[in-house]
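User: I have a structure open and would like to work through it in short questions. Please keep the answers plain.

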Amino acid sequence: MADNRKARIKEFLSRFFRNHELKDDEDIFALGFVNSLLALQLVNFLEGEFGFTIEDDELDFENFRTIQNMDALIERKTSAAGVAV
Amino acid sequence: MTTPQIAIAHGQSETEKKTVKVLVWDLDNTLWNGTLLESDSVQLRDGVRAALDTLDKRGILHSIASKNDHDLAMEKLREFGLERYFLYPQINWNSKAAGVRSIATSINIGLDAVAFIDDEPYEREEVKHAMPEIAVFDSSELDSLADRTEFIPAFITDDSARRREMYLADVERKRAEEQFIGPSEEFLATLGMEFTIARAQEEDLKRAEELTVRTHQLNTTGYTYSFEELNAFRASPNHLLLIAGLTDKFGSYGKIGLTLVEKNPEVWTIKLFLMSCRVMSRGVGTIFMNHLLGLARDAGVALQAEFLSNNRNRMMLITYKMGGFREVSRDGDFIVLQHDLDRIQPRPDWIDVEIVD
């Protein structure tokens, strides 16, 4: 399940970081310029794709720094809410 | 027709009225007399040209929602020399409510800033029913429009008078963007953008005041300040009032960003940080924010930012948080954030940034 989730996130991000094989633990903020529009699209993607709402206090960039961190956020969100992904 | 009757008919007090940012016109028997599909010799109605011009100079945009043959109607507008007044004209056989909604989306403004004028009660009713926020007018009310309070913006600046041109440039940009295949950064690189950040001068203050009043989505706190207050901040050694402008190969966007920083010996606080919606997809807000991070780091102070949610400005909270700000306190919708300034993204290479001190 987790690998499938990571693959979906990676596929989404590949649109922004072309010609780069993004690793699960790679810091996307260090990789290039992450502007607010990309940030918003990423938040909207995660909420829409995995069916939960990211609260204000979860918007911390640490949660979005790597694919691994995003996956961990999804894990926390969906297991708490009992949503099947 | 006199204005007071209309005001009562709409059941709103003067203070409740929102300023109109775009007026959507019907064509047959509203813009011109007659029905175009029945007769090619329709005549422009008296007062139409004057109303278009007067409102345009005030920075109010025009558009069209008409059930008509698109090519025929556009040809007629060109004949009258009026086609460049209208942004995103919706001339087709769809419902006018759909047309009006599409115009508001394309221009990226709230429905409560839209007015609609049509001679047909059915069409007015349909639009009003679908979108109660919209002010609707009978074509017989044309001559009184320019005198109505909602058509008199609080500010008329250089940017207002050029607003239509700037939006027309946006139409060109969108077309270019739709035709471009590739990631958005590569598209941005084709625009030749120049972003300028400068201390606000006295001549910028009307525009600054206008931005604080007009901007809701890309606004961190929604604090509004009067001309006098802004002028005091401009002169104050304890404040930093910066205004940002953007141009690209299609033309100028005008002054599109504003920030107010309160400087205390140990801590600077961003009281207000806003960007015009027209530059939402240009990535310049983050560049503006990163400039403040750099200034605070160089000054050796901590940098805090206030955020006040209005339910429409979540994008700015995302901008702050994804930009490295962390929440330090919260009181209901009011949040104070702080940046530890240890990581500041370098500027992207697809834009020229000029800092005017």
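User: How many residues of chain A are in contact with chain B?

Analyst: This is a predicted model. Contact here requires C-beta atoms within 7 Å. On the chain B side, 17 residues take part. On the chain A side, the number is 18.

User: Which helix gives the most to the side of chain A that touches chain B?

Analyst: The residues on this side of chain A divide into 11 nonpolar, 2 polar and 5 charged. The element that gives the most supplies 5 residues and spans residues 36-50. That element is helix 3 of chain A.

User: Which residues touch the most other members of the largest nonpolar core?

Analyst: This core has 66 residues, and its largest share, 7 residues, comes from helix 12 (residues 284-299) of chain B. A second, separate core has 42 residues, including Leu27(B) and Val42(B). In the largest core, the residues asked for are Ala244(B) and Leu246(B).

User: Which residue of helix 12 of chain B, residues 284-299, does Ala244(B) touch?

Analyst: Leaving out residues up to four places away in sequence, Ala244(B) touches Phe195(B), Thr196(B), Ile197(B), Lys255(B), Ile256(B), Gly257(B) and Phe288(B). Helix 12 of chain B covers residues 284-299. The residue of the list with a number in that range is Phe288(B).

User: Which residue stands opposite Ala65(B)?

Analyst: Strand 4 of chain B covers residues 61-66 and runs parallel to strand 5, joined by 2 bridges. Strand 5 (90-91) is an edge strand, pairing on one side only, in an open sheet with the order 5-4-1-6-7. The residue of strand 5 opposite Ala65(B) is Gln90(B).

Key: Residues numbered from 1 in each chain as written. Chains lettered and ligands numbered in written order. Predicted model: local features only at pLDDT ≥ 70, side-chain atom pairs only at ≥ 80, totals over all residues. Contact = placed C-beta atoms within 7 Å. Helix = DSSP H or I, 4+ residues; strand = E, 2+ residues; numbered from the N terminus. Nonpolar A, V, L, I, M, F, W, Y, C, P; charged D, E, K, R; others polar. Core = buried A, V, L, I, M, F, W, Y, C linked by C-beta atoms within 7 Å. Buried ≥ 20, exposed ≤ 12 C-beta atoms within 10 Å, placed from the backbone. Pairing = 2+ DSSP bridges.
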